[in-house]
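Here are my comments on this model, as numbered points. Please read them with the coordinates open.

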Amino acid sequence: MRTRTNVPSRPAKPCAPAVVLLCDISYDGYMQHKTIIITGASDGIGKEAARLLSEQGASVVIVGRSPKKTRAVAEKYGLPFFIADFSRLNDVRELGKKLRGTYPRIDVLINNAGGLFGEREVTVDGYEKTMQVNHLAHFLLTNILLDTLVASKATVINTSSIAHKTFSKLDINDLNMEHSFTPNRAYGNAKLENILFTKELHARYGAKGLSAAAFHPGIVTTSFASDTTSYLRYIYRIPVLSRLFRLLPAEQGADTMVWLASSTPGKDWISGEYYYKRKISRSHDTANDAVIARQLWDKSEQMTGLA
């Protein structure tokens with residue numbers, strides 16, 4: 001795990017006309033006092049959010065899997081960075097330990113790393129890869145940082161997807177998907193788990209000042225589906241299909257993420273909810289099942305060794 005030392009903050013840049021939506025809040029220096037950690041920030045919406053939030057004056061810390069790509073983003077925008085492979089929970093534990101030791105205050109944690117993968121693969125930790133990378137690793141990281149997050153009255157933002165409504169069929173007793181596995185179902189389940197985690201995080205720690213939200217970024221033009229055998233890869237790879245499905249540029253996909261990170265919970269948005277285009281969006285019925293949310297938390301604690 002390698003880090004880059006902090007660098008002086010860069011002055012905020014004026015918003016270009018194409019990104020007025022992302023910059024339509026008057027911050028008046030408000031963001032300059034915020035420390036924001038973004039996972040999955042070497043590409044796609046995580047990268048764009050890092051840029052936009054740093055331009056608003058926030059102290060942004062990025063986390064990525066690829067040393068080359070993550071370092072390139074960090075050097076381009078003058079940001080500190082950490083390297084971690086979320087398919088290895090020991091990497092996540094080391095990352096959490098370093099973040100906790102480096103940042104006594106964390107205002108926003110954006111759990112954004114994830115992906116849609118191919119045939120069923122088991123990680124070195126013994127868990128199905130899609131579930132671990134998209135949900136379990138972020139559950140572990142958030143819990144390692146929990147004392148700091150609660151003390152900071154932080155916001156935790158989880159990147160979910162509308163795929164949780166389309167593809168999920170969650171069996172709480174088969175989180176590893178040893179039965180009835182498909183890449184799409186695994187991804188849908190993981191994105192549903194992101195919302196259940198958000199709601200349980202709010203239920204447990206909302207009264208202590210912690211806020212949490214999940215969101216769907218839209219269908220975004222990124223390298224997101226580059227490692228999958230799912231038919232969904234064609235939407236991202238074939239230009240005519242990308243146009244047909246109206247894929248968004250990463251900057252637009254990052255809009256709700258940036259809004260949640262730079263606005264005020266309880267005033268601008270409600271903690272514990274699932275958002276799309278800055279509005280509360282209807283989720284799968286299972287996402288609102290408090291019993292399932294508690295069971296997922298308990299099982300995740302067991303799987304990560306926190307219990």
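1. Helix 7 is mostly covered, with 20 of its 23 residues buried. This is a predicted model, and the points below should be read that way. The length of helix 7 is as expected: at 1.5 Å a residue, its 23 residues should span 33 Å, and the end C-alpha atoms are 33 Å apart, which agrees.

2. Helix 12 (residues 290-304) passes the check on length too. Its 15 residues should span 21 Å at 1.5 Å a residue, and the end C-alpha atoms of helix 12 are 21 Å apart, which agrees. Which residues of helix 12 are buried? They are Ile292, Ala293, Leu296, Trp297, Ser300, Met303 and Thr304. Seen down the axis of helix 12, these buried residues fall within an arc of 140°, so they line one face of the helix.

3. Next, the aromatic contacts. The structure holds seven aromatic pairs. One of them joins Tyr205 and Trp297: the ring centres are 6.4 Å apart and the planes are at 35°, so the pair counts as tilted. The cut-offs matter here, because stacked needs planes under 30 degrees apart and edge-to-face needs over 60. This pair links distant parts of the chain, with Tyr205 in helix 7 and Trp297 in helix 12, 92 residues apart. Both Tyr205 and Trp297 are buried.

4. The Tyr205 and Trp297 rings belong to a cluster. Ring pairs link them with Phe139 and Phe197.

5. One charge-over-ring contact deserves a look. Lys129 lies over the face of Phe117, at 4.6 Å from the ring centre.

6. Now the strands. Strand 1 (residues 35-39) pairs with strand 2 in the parallel sense, over five bridges. Within this pairing, Ile36 has Val60 of strand 2 as its bridge partner. Strand 2 also pairs with strand 3 (residues 81-83), again in the parallel sense, over three bridges. There, Ile62 has Phe81 of strand 3 as its bridge partner.

7. What surrounds strand 2 (residues 59-64), and how many of its residues are buried? Five of the six are buried, so strand 2 is largely enclosed by the rest of the structure. Strand 2 pairs with strand 1 and with strand 3.

8. The connections are worth tracing on screen. Strand 1, helix 1 (residues 44-55) and strand 2 make a right-handed β-α-β unit. Strand 2, helix 2 (residues 67-77) and strand 3 make a right-handed β-α-β unit as well. Strand 2 takes part in both units.

9. Please check the backbone in the loop between helix 6 (163-166) and helix 7 (183-205), where Met177 is found. Phi of Met177 is near 50°, a positive value in a residue other than glycine. Ser180 lies in the loop between helix 6 and helix 7 too. Phi of Ser180 is near 55°, again positive in a residue other than glycine.

10. Are Met177 and Ser180 buried or exposed? Met177 has 3% relative accessibility, so it counts as buried. Ser180 has 53%, so it counts as exposed. The cut-offs behind these calls are under 20% for buried and over 50% for exposed.

Notes:
Residues are numbered from 1 along each chain as its sequence is written. This is a predicted model: local features need pLDDT of at least 70, side-chain atom pairs count only at pLDDT 80 or more; totals for chains, interfaces and linings use all residues. Side-chain values use heavy atoms; hydrogens and water are left out. Buried means under 20% relative accessible area, exposed over 50%, partly exposed in between (1.4 Å probe, protein chains only). Helices (H or I, at least four residues) and strands (E, at least two) are DSSP runs, numbered from the N terminus. Two strands pair if DSSP finds at least two bridges between them. A crossover is right-handed if, with the strands pointing away from the viewer, the path from the first strand over the helix to the second runs clockwise. Rings of Phe, Tyr and Trp (its six-membered ring) pair if their centres lie within 6.5 Å; planes under 30 degrees apart count as stacked, over 60 as edge-to-face and the rest as tilted. A charge sits over a ring if NZ of Lys or CZ of Arg is within 6 Å of the ring centre and within 35 degrees of the ring normal. The expected span of a helix is 1.5 Å times one less than its number of residues. The arc is that of the directions from the helix axis to the C-beta atoms.
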